[in-house]
Structures are given as structure tokens and as C-alpha cells.
Amino acid sequence: MIKVENINKQYAGKLVASNINVAFEKGKVTSIIGPNGAGKSTLLSIMSRLLNKDSGNVYVDGTELEKWATNTLAKRLAVLKQSNNLNMRFTVKELIAFGRFPHSQGKLTDTDHQVIQHAIEYLDLVAIQDKYLDNLSGGQKQLAFIAMVMAQDTDYVLLDEPLNNLDIKHSLQIMKNIRRLAHEMNKAVVIVIHDINFASCYSDNIIAMKNGEIAIAGNVDQVIQASVLESVYDTPFKVVTLDNQHVCVYY
């Protein structure tokens, strides 16, 4: 489990994370939603040690985040940022192989190759595994990066807006596979996401943030309510139930 306790963070005197307390369990997808500037990516960056906190603590399996050796932490926690710029030309398979670096230190073993191939097959990338990333669609690239994270084989997977600039088909494909990672492979998957309906339909738990604070955290039934979302987004909402899924209507 990842536990976040009393986290605070300021930028230029502005509080962007205020007294954050939350926990993330293995085997579940947790979506973090909220308006722009709510502190969603800040929280994810602090949890992944990409950003220093001002106060509070983050615990990974009971150990403070700062006490983990970098290489050891990389075997327990993986993070995929919003933008992933590469200065070299890689095939899909070569990119996915980078996920094994914490384990292999660049010297791939038979076990590493098996894990890489499993990630390729699991995310249905066999047909494009030898294609270069710059020849792929945005959705295919994003799946390749998620496969790289999968090959890292960590208990905790943090994804910052993985659906950015993707069409509905590829967004669906990615969300379905995110849920599979959690439910079939018992990983704690935490995703920052703007699409409330994807969060509603593919999450186990949802955290709604506003002005650097957690407005509400709970299961889908608790968070996806018109009154709750209206207070978070300052926008009128209607929530309807279709096939046992809560769907938000806003216009």
C-alpha cells in the first residue's frame, strides 16, 4: 500500500497541495479527478519522488519514500509522465525493454526477455513490436509506453493523464488494459484523468481534488454524484445510470 499523510506543497507562495491524506491499495484502480490546477499531477509527482514535498510523509509498503534506494524503489513503483520525449529512434520492443533496466541494469537475461514478450502479448502489440515509435499513432505509442511500465513489473503504477490527445477507441483500449493490470496482476494503479466518465466506468476508487485539497475520496458510488461533482467543478451535472454504470451529463 502507498499511504500519503499530511502532504503540503507550495509554489511561489501558493499552496498547491494542502494536508493531503489518502491511501492506495493493490488490486485497484484509483482515478484522481478535478479541475485544472487542482493539484492532481503535483500529488502524483510527490508520490513518485519526482517532486519534493514541503511537509508530510509518503509511505511505500510501510517505509518512508525518502528511505528507499532509487534502484530498489524502481522495482516497486513505476511512473508514466504526461509527456515522454525521446531523442533517439526506438522500436516498440526496444522501448519496452527499457522497463527492465532496474532489474537488468542493461544486461537483459532470458527472464527479462520473457517479461518483455509477455507485456507485448498482454497489450496486443505483437504486430507492431518491430515498428519505430515515430511511425505509430498516438494511441499505439501510449500503449507501448504502458507496456514499458508493465515490463518494469512493479506493485505500484502511476499514470499522469495517459489519455491526453487520444481518440475514443484508443482511450477505451488503454482504460481496459489499466483495469486488467490492477485486477488480474494485483497492481495498485493510480491515474490522473480528466474524463469523468472513463474514471466512473473503469475505477474502483476516485479522488476528487479542488484548490490543492481532497474534496472527496471514496468508491464510484460515493464520488459520482451530481451534488459532489457540481461542488468540485462549479458546473451543473446530471448523473444517470446505464447498465449499472454512472454516466455524467454536463453541457
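Two residues are in contact here when heavy atoms of theirs lie within 4.5 Å. With that cut-off, Val115, His118, Ala119 and Tyr122 of helix H5 meet Ala147, Met150 and Ala151 of helix H6. The model is a predicted one, and this contact is a convenient place to enter it.

Helix H5 covers residues 110-122, and its axis runs 9 Å from that of H6, at an angle of about 140°. Angles from 115 to 145 degrees fall in the oblique class, so H5 is oblique to H6. The crossing of H5 past H6 is right-handed. Sorted by class, the residues of the contact between H5 and H6 comprise 6 nonpolar and 1 polar, with no charged residue.

Helix H6 also has a second helix as a partner. H6 spans residues 138-152 and packs with helix H7, residues 168-185, at an angle of about 15° and with the axes 9 Å apart. An angle under 35 degrees counts as roughly parallel, and H6 and H7 are therefore roughly parallel to each other. H6 passes H7 in a right-handed crossing. On the H6 side the contact is made by Gly139, Gln140, Gln142, Leu143, Ile146 and Met150, and on the H7 side by His170, Gln173, Ile174, Asn177, Leu181 and Met185. These residues divide into 6 nonpolar and 6 polar, and none is charged. Met150 appears in the contact with H7 and also in the contact with H5.

From the helices the path leads to a sheet. Strands of a sheet pair through backbone hydrogen bonds, either parallel or antiparallel. An open sheet of 6 strands has the order E6-E7-E8-E3-E9-E10, and its pairing is mixed. Strand E6 (77-80) and strand E10 (213-219) stand at the edges with a single partner strand each, so one side of each has no neighbour in the sheet. From one strand to the next, the twist averages 15°. E6 runs parallel to strand E7, residues 156-160, and 4 bridges join the two. Within this pair, Val79 stands opposite Leu158 in E7. Helix H6 packs on this sheet, where H6 touches E6 and E7, and the direction of H6 makes about 170° with that of E6.

There is another open sheet, made of 4 strands in the order E2-E1-E4-E5, with antiparallel pairing. Its edges are strand E2 (14-24) and strand E5 (63-64); each has a single partner strand, so one side of each is left without a neighbour in the sheet. Strand E4, residues 55-60, pairs with E5 in the antiparallel sense over 2 bridges. Tyr59 stands opposite Glu64 in E5. Helix H1, residues 40-47, packs on this sheet and touches strand E1 (2-11), E2 and E4. The direction of H1 makes about 120° with that of E1.

The last stop is the aromatic side chains. A pair of aromatic rings is described by the distance of the centres and the angle of the planes. Counting rings whose centres lie within 6.5 Å, the model has 4 aromatic pairs. One of them is formed by Phe198 and Tyr202, with 6.2 Å from centre to centre and 40° between the planes, a tilted arrangement. Both residues of the pair, Phe198 and Tyr202, lie in helix H8 (residues 196-202), where they are 4 residues apart, about one turn of the helix.

Conventions
Residues numbered from 1 in each chain as written. Predicted model: local features only at pLDDT ≥ 70, side-chain atom pairs only at ≥ 80, totals over all residues. Heavy atoms only, no water. Pairing = 2+ DSSP bridges. Axes fitted to C-alpha atoms, helices over the stretch in contact; angles between N-to-C directions. Parallel < 35°, antiparallel > 145°, perpendicular 65-115°, else oblique. Left-handed = near helix turned anticlockwise from the far one by under 90°. Nonpolar A, V, L, I, M, F, W, Y, C, P; charged D, E, K, R; others polar. Phe/Tyr/Trp six-rings, centres within 6.5 Å; stacked < 30°, edge-to-face > 60°.
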